[in-house]
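Trainee: Could you take one part of this structure and go through it closely with me? I'd like to see how you get from one residue to the next.

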Amino acid sequence: MNGIHRTSPNILITGTPGVGKSTTCRLLAEKTGLTWLEVSKIAIENRCLEEYDEVYRCPVLNEDKLLDGMESSMQQGGKIVDYHGAEFFPERWFDIVFVLRADNTILYDRLAARGYTGKKLEDNIDCEIFQTILDEAKASYKDEIVHELQSNTNEEMEENVNRICQWIDQWKIDNQ
Ligand code: DAT
C-alpha cells in the first residue's frame, strides 16, 4: 500500500524530546516544500488532550481523535510528521521513518535549558538511554524503512537534512 496513491512521500521524524525533531523538520520543510505537521500542536488545536496525568504531569492524549483529524491530510502525501512517539500512527501513513538520536549528556543539557527538571527530565534521558523510540519504531514499521540518525551537532543536523532531501528526490523519481 505504501506510497501507491501519493505523489509526494510522507515522512515520520521521531525521537526523544530534545533530539532535534523540530529544528530538522523546519529546515526540511523550507528546503523541500513538504508540509511540517507538529503532532503536539495538532493535538492541542484539535482538542485531543483530555484528563491530566498526575504522575507524568501532562494531559492524556485521545489518540483516535488525533488520528481521525490527520487522516485526510496524510492521504494527500507530502507531510513531514514530527512526534516523540512512533507506535500509534497507522503503518500505511509513512514511506520512511527517521529516528533522531543524541548522546545523553548533550540531551540532558538541551532539556535542562528547556526548563525540564526532576522526573520529567530523568524519564526523557532514560527514554534515550533505553532507545525506547527506536524500538517502538522498529516494532511498528518494516525494518527497512526505519533509519537511525545521530543529531548531536549542527554538522550532523545538516547531513541528516541533506540525506533526507536526497531520499525524497529519489522517492519522487521512483514513484512518478
Ligand atoms: P525536539 O523537537 O526533538 O524536541 P528541538 O529541535 O526543539 O528538539 O531541539 C532542542 C534544542 O537542541 C534546540 O535548542 C536546538 C538544539 N539542537 C537540536 N538538534 C541539534 C543538533 N543536531 N545540533 C545542535 N543543536 C541541536
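Mentor: Let's start with the aromatic rings and work outwards from there. First, some housekeeping: this is a predicted model, so local features need a pLDDT of at least 70 and side-chain atom pairs count only at pLDDT 80 or more, while totals for chains, interfaces and linings use all residues. Residues are numbered from 1 along each chain as its sequence is written, and side-chain values use heavy atoms, with hydrogens and water left out.

Now the rings. The structure has seven aromatic pairs. In the pair of Y83 and F89, the ring centres are 5.9 Å apart and the planes meet at 85°, so this pair is edge-to-face. Here's the rule: rings of Phe, Tyr and Trp (its six-membered ring) pair if their centres lie within 6.5 Å, and planes under 30 degrees apart are stacked, over 60 edge-to-face, and the rest tilted. Y83 is buried, at 11% relative accessible area, and F89 is buried too, at 5%. By "buried" I mean under 20% relative accessible area; over 50% is exposed, and in between is partly exposed (1.4 Å probe, protein chains only).

F94 and Y141 make another edge-to-face pair, with 6.0 Å from centre to centre and 75° between the planes. This one links distant parts of the chain, as the two residues are 47 residues apart. F94 sits in the loop between β5 (79-83) and β6 (96-101), and Y141 in the loop between α6 (132-140) and β7 (146-150). Those labels come from DSSP runs, numbered from the N terminus: helices are H or I with at least four residues, strands are E with at least two. F94 has 0% relative accessibility, so it counts as buried, and Y141 is buried at 3%. Step back a little and you'll find Y83, F88, F89, W93, F94 and Y141 linked into a cluster by ring pairs.

Next, follow R6, which lies in the segment before β1. R6 has 9% relative accessibility, so it counts as buried. Skip its neighbours within four places in sequence, and R6 is in contact (heavy atoms within 4.5 Å) with M74, Q75, G77, R92, W93, F94, D95 and W171. You've met W93 and F94 already, as members of the ring cluster. R6 also has a side-chain polar atom 3.3 Å from the backbone oxygen of W93. Its side chain makes a polar contact with the side chain of D95 as well, at 3.2 Å. A polar contact is a pair of N or O atoms within 3.5 Å; within protein, one must be able to donate a hydrogen and the other to accept it, and residues adjacent in sequence count only if both atoms are side-chain atoms.

From R6, move on to strand β1 (residues 11-14), which is covered on both faces: I11 and I13 are buried on one side, L12 and T14 on the other. β1 pairs with β5 in the parallel sense over four bridges, and I11 has I80 as its bridge partner in β5. β1 is also joined to β6 by four bridges, again running parallel, with T14 opposite V99. Strands pair if DSSP finds at least two bridges between them.

Now for S151, in the loop between β7 and α7 (154-174). S151 is buried, with a relative accessible area of 1%. Leaving out residues up to four places away in sequence, S151 touches V19, G20, L100, R101, A102, R110, E156 and N160. R110 takes us to the ligand, where one of its polar side-chain atoms lies 3.4 Å from a nitrogen atom. There are 15 residues around the ligand, and G18, K21, S22, T23 and R114 come nearest; being near takes a heavy atom within 4 Å. K21 has a polar side-chain atom 2.8 Å from a ligand oxygen, and a side-chain N or O atom of R114 is 2.8 Å from an oxygen of the ligand too.

One last backbone detail. Most residues other than glycine have a negative phi. R47, though not a glycine, has a positive phi of about 55°. R47 is in the loop between α2 (39-45) and β3 (49-53), and is exposed, with 66% relative accessible area. Q131 also has a positive phi, near 40°; its place is the loop between α5 (118-129) and α6, and Q131 is partly exposed at 30%.
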